[in-house]
Amino acid sequence: MTKNMMPNGTAFLDRVRAAVQDTCDQRLPWKELLAPADDQSILAGLTGRDRKQQTALLRQLIENAAPLNLQVHTCATLPEAADCIAALARASKPEFHPEKSLIFHDHPLLRALSVDALLAKDHIPCHWTSRNNSEVRNHTLTASIGVTVADWGIAESATIVQLTRPGRPRSTSLVPSIHIAVLPLSNLVADLAEAYALIRREQALDSLALISGPSKTADIEACMVFGAHGPRAMHLVVLTESPPAVNPGFPVAI
Amino acid sequence: MKSSPPPGYLETAREGMDNACLQKSLRSLQARYGKGALDIWHNLPDPGLRQRVKSRRMQTLAHLDGLLALLAEGVEARGGQVFFAATAGEATGYIRDLAQARGVRRVVKGKSMLSAEIGIDAVLEAEGIEVVETDLGEFIVQIAGSSASHIIAPCIHMDRQQIGQLFADRLGIPYSEDPPTLTRAARKALREKLLTADMGLTGCNLACAETGHISLVSNEGNIRMATTMPPLHVALMGMERIAATLDDHRDLLQLLTQGAALQKLSTYVSFVGGPRREGDPDGPEEFHLVIVDNGRSRILADPEFREVLACIRCGACLNICPVYGRIGGHAYHSPYSGPIGAVITPLLHGINRHADLCKGETLCGACRDVCPVDNNLPRMLAALRHKLAYGDPVWQVRPHNRLEALGFRLWQRIIGNSRLYETVLRVVRTLQRPFAGSQGVIGSLPGLKGGWTEGRDLPPVAPQTFREQWLSTIGKKRTHSEKTRKDDQEHDA
């Protein structure tokens with residue numbers, strides 16, 4: 001099946017096949033085994049959710065976020081969201097590096113916020129994960145806050161889904177002490193089934209991460225501590241009014 | 001002929017029972033997580049979920065060859081490399097050669113029981129490579145020179161005072177027994193390692209054949225670090241840890257995080273399908289997936305035990321097992337402890353060698369009740385005992401104790417003959433007298449029979465059998481009342 005299967009792979013898979021083919025009565029036609037799920041009905045349920053339904057999902061998200069120590073901020077407009085992020089930056093304390101700084105996913109939605117202009121007078125530098133920026137790794141390692149866009153949010157588990165894309169590194173949500181994710185309300189879905197249906201639609205799916213709150217551990221005497229190896233705090237800024245960069249009708253990856 | 005003893009099951013079990021800190025932790029772990037998982041299963045919105053997932057798991061195993069090939073195809077299409085390792089030696093050899101070829105000096109690990117099963121740490125360390133566990137619990141047991149005693153909570157056998165002292169000695173921080181302070185110290189020390197390592201080495205919780213990804217769950221973020229920051233990522237995957245489709249993956253993921261820690265989802269779930277792509281700002285330059293058999297195909301070929309490969313290693317059975325709950329994980333002498341360890345360890349590493357594990361479990365059935373994929377572990381434990389009693393040529397099992405087998409055959413003869421049985425009881429009643437202690441129980445027996453009383457008291461043979469008691473008390477009254485009733489009836493007539 002695999003074109004360039006290593007020789008050891010062939011012997012390995014032959015052994016696996018031998019183990020099951022005579023003793024297993026559950027072998028199905030291949031197509032049946034991999035029959036695609038009925039995503040169409042799930043996706044149909046996603047289109048044209050009205051404002052009332054979206055607000056109900058947002059309430060559910062906020063409720064489920066609380067026990068995870070994920071702080072949700074609801075902002076109607078881009079300037080409101082920018083103020084929110086700037087306020088979080090001003091109030092934060094640096095952890096690994098003496099100076100505060102922010103690193104932003106290079107995404108039109110975050111560019112449109114212009115948080116850097118707001119923070120200029122506070123002398124808090126803002127950096128971008130642009131493809132031509134050779135300093136992305138260094139800026140990420142020294143940043144106190146990483147700001148990312150979420151492709152989708154999941155209300156049921158207070159989760160964000162991030163697909164890895166050029167200009168949107170995985171480390172932005174991981175290495176800085178504080179993670180702020182921005183999610184348009186139109187991209188909030190109800191549950192994992194809806195999120196998986198959207199993930200399956202993606203062509204050339206690469207790596208992705210589901211993130212539900214700040215990193216944590218309970219390894220010492222089952223005592224919950226936030227801030228293990230990832231961010232010690234996480235904020236989710238939900239934009240309730242669709243920004244221009246986002247298709248309002250259907251929650252496509254942004 | 002007695003089988004070769006496993007490495008100190010009884011001794012380690014006793015140590016576990018004497019460890020007050022472990023006992024306290026196990027009690028609270030079981031009170032919270034074992035019962036919590038049962039509650040979740042009882043209140044599932046879709047009560048048929050576990051059964052359906054189990055039947056999909058079995059179908060997946062029946063097609064494992066094709067699904068593994070499909071997974072490999074997906075990973076290779078993205079520029080990742082897939083190595084199929086038939087044995088632990090092949091897996092460690094591949095990783096060692098790779099590390100040498102890339103000049104790796106430091107490896108950061110995400111929690112992986114398979115890595116312990118194949119013994120990769122020692123192989124890399126023998127080449128002078130630094131190997132650092134980054135899961136906090138695994139890091140603690142690593143620097144303590146200990147080993148994990150729970151699948152999900154590796155340092156459950158240590159308390160905050162011990163960890164505080166360990167960190168003071170090894171990390172050079174002022175002594176503290178405050179978990180947040182200790183966690184911050186480890187966060188700082190391990191961040192340095194995570195950001196400078198040459199290789200990230202992780203396990204794989206669950207691959208997805210349909211999309212060609214592996215997926216990893218963690219709460220700490222160490223696994224995302226280890227798979228993102230070093231230039232090289234190697235993932236070790238037990239060959240059965242695969243879902244056919246994304247739908248299967250979703251169901252299994254939810255059962256995994258709920259069974260393991262009562263979470264709707266863990267903090268991080270990452271899907272990794274290959275190395276960084278052109279234009280990706282970070283992620284590893286190389287991705288190697290090592291798919292390991294190491295005895296699994298033998299289990300797969302045996303319909304009696306195939307079911308155990310449906311396991312998703314959530315650890316729920318440890319959180320409910322009365323035996324694990326007393327003896328702790330070290331007695332199992334395997335990366336896999338608890339009821340799942342008592343089944344999988346003998347199957348992977350020798351049924352005779354680990355004979356004590358299946359004999360030590362109680363067959364109470366709690367592990368099956370709590371298992372998210374309804375694995376019938378008690379049935380498999382009993383099947384292992386059967387093989388130990390009678391031997392098994394396919395699994396190369398020698399009868400583990402011929403003397404005991406002879407004893408039971410004799411017993412079978414005795415209880416088949418009531419006169420012989422009663423005679424033997426009378427003899428035993430006389431013989432046992434010198435051994436009865438002050439409580440009326442037998443605390444120790446001489447010679448070979450001593451094994452019976454080593455960890456428990458034996459109730460003595462009662463002065464009367466049930467039949468004798470019946471005849472002498474209730475039987476007499478019954479005869480009397482029956483007689484009276486008969487008299488009354490006669491009178492009425």
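**Group meeting talk: where chains A and B meet**

I will start with one pair of residues: Leu210(A) stands opposite Val269(B), which lies in strand E9 of chain B. Please keep in mind that this is a predicted model.

That pair belongs to two strands, one from each chain. Strand E9 of chain A covers residues 208-211, and strand E9 of chain B covers residues 268-272. The two run antiparallel and are joined by 4 bridges.

Now the sheet around them. In what order do the strands of this open sheet come? The order is E8(A)-E5(A)-E6(A)-E9(A)-E9(B)-E6(B)-E5(B)-E8(B), which makes 8 strands with mixed pairing. At the edges are strand E8 of chain A, residues 188-189, and strand E8 of chain B, residues 242-243, and each of these pairs on one side only.

Let me go through the chain A part. E6(A) is joined to E9(A) by 4 bridges, and these strands run antiparallel. Here Leu163(A) stands opposite Leu208(A) in E9(A). E6(A) also pairs with strand E5 of chain A, residues 152-154, in the antiparallel sense over 3 bridges. One partnership there is Gly153(A) with Ile160(A). E5(A) and E6(A) form a hairpin with 4 residues between them, and Ala158(A) in the turn has a positive phi of about 50°.

Is E6(A) largely enclosed or open? In strand E6 of chain A, residues 159-163, 4 of the 5 residues are buried, so the rest of the structure largely encloses the strand.

On the chain B part, strand E5, residues 206-208, and strand E6, residues 213-218, pair in the antiparallel sense over 3 bridges. Cys208(B) has His213(B) in E6(B) as its bridge partner. Helix H12 of chain B packs on the sheet and touches E5, E6, E8 and E9 of chain B. The direction of H12(B) makes about 165° with that of E5(B).

H12(B) also takes part in a contact between the chains. Two packed helices are described by the angle between their axes and the distance between the axes. Helix H9 of chain A, residues 192-201, packs with H12(B), residues 246-261, at an angle of about 145°, and the axes are 10 Å apart. The crossing is right-handed. Which residues meet? From H9(A) come Leu192(A), Ala193(A), Tyr196(A), Ile199(A) and Arg200(A), and from H12(B) come Leu246(B), Arg250(B) and Gln254(B). By class, this contact has 5 nonpolar, 1 polar and 2 charged residues.

Next, the whole contact between the chains. Chain B gives 75 residues to it and chain A gives 64. On the chain B side, 37 residues are nonpolar, 21 are polar and 17 are charged.

Another helix to look at is H8 of chain B, residues 136-143. H8(B) is mostly covered, with 7 of its 8 residues buried. Among the buried ones are Leu136(B), Phe139(B), Ile140(B) and Val141(B). What covers them? The cover includes strand E10 of chain A, residues 216-217, as well as strand E3, helix H9 and helix H10 of chain B. Just after H8(B), Gly145(B) takes a positive phi of about 70°.

Last, chain B as a whole. Chain B has 23 helices and 10 strands. Its C-alpha atoms fill a box of roughly 105 × 50 × 45 Å along the principal axes. Of its 493 residues, 48% count as buried. Among contacts in chain B with a separation of 6 or more, 71% are between residues 24 or more positions apart.

Technical notes. Residues are numbered from 1 along each chain as its sequence is written. Chains are lettered from A and ligands numbered from 1 in the order in which they are written. This is a predicted model: local features need pLDDT of at least 70, side-chain atom pairs count only at pLDDT 80 or more; totals for chains, interfaces and linings use all residues. Two residues are in contact if their C-beta atoms, placed from the backbone, lie within 7 Å. Ala, Val, Leu, Ile, Met, Phe, Trp, Tyr, Cys and Pro count as nonpolar, Asp, Glu, Lys and Arg as charged, and the others, Gly among them, as polar. Two strands pair if DSSP finds at least two bridges between them. A residue is buried if 20 or more other C-beta atoms lie within 10 Å of its own, exposed if 12 or fewer, and partly exposed in between; C-beta atoms are placed from the backbone. Axes are lines fitted to C-alpha atoms, for helices over the stretch in contact, and angles run from 0 to 180 degrees between N-to-C directions. A crossing is left-handed if the near helix is turned anticlockwise from the far one by less than a right angle, and right-handed if clockwise.
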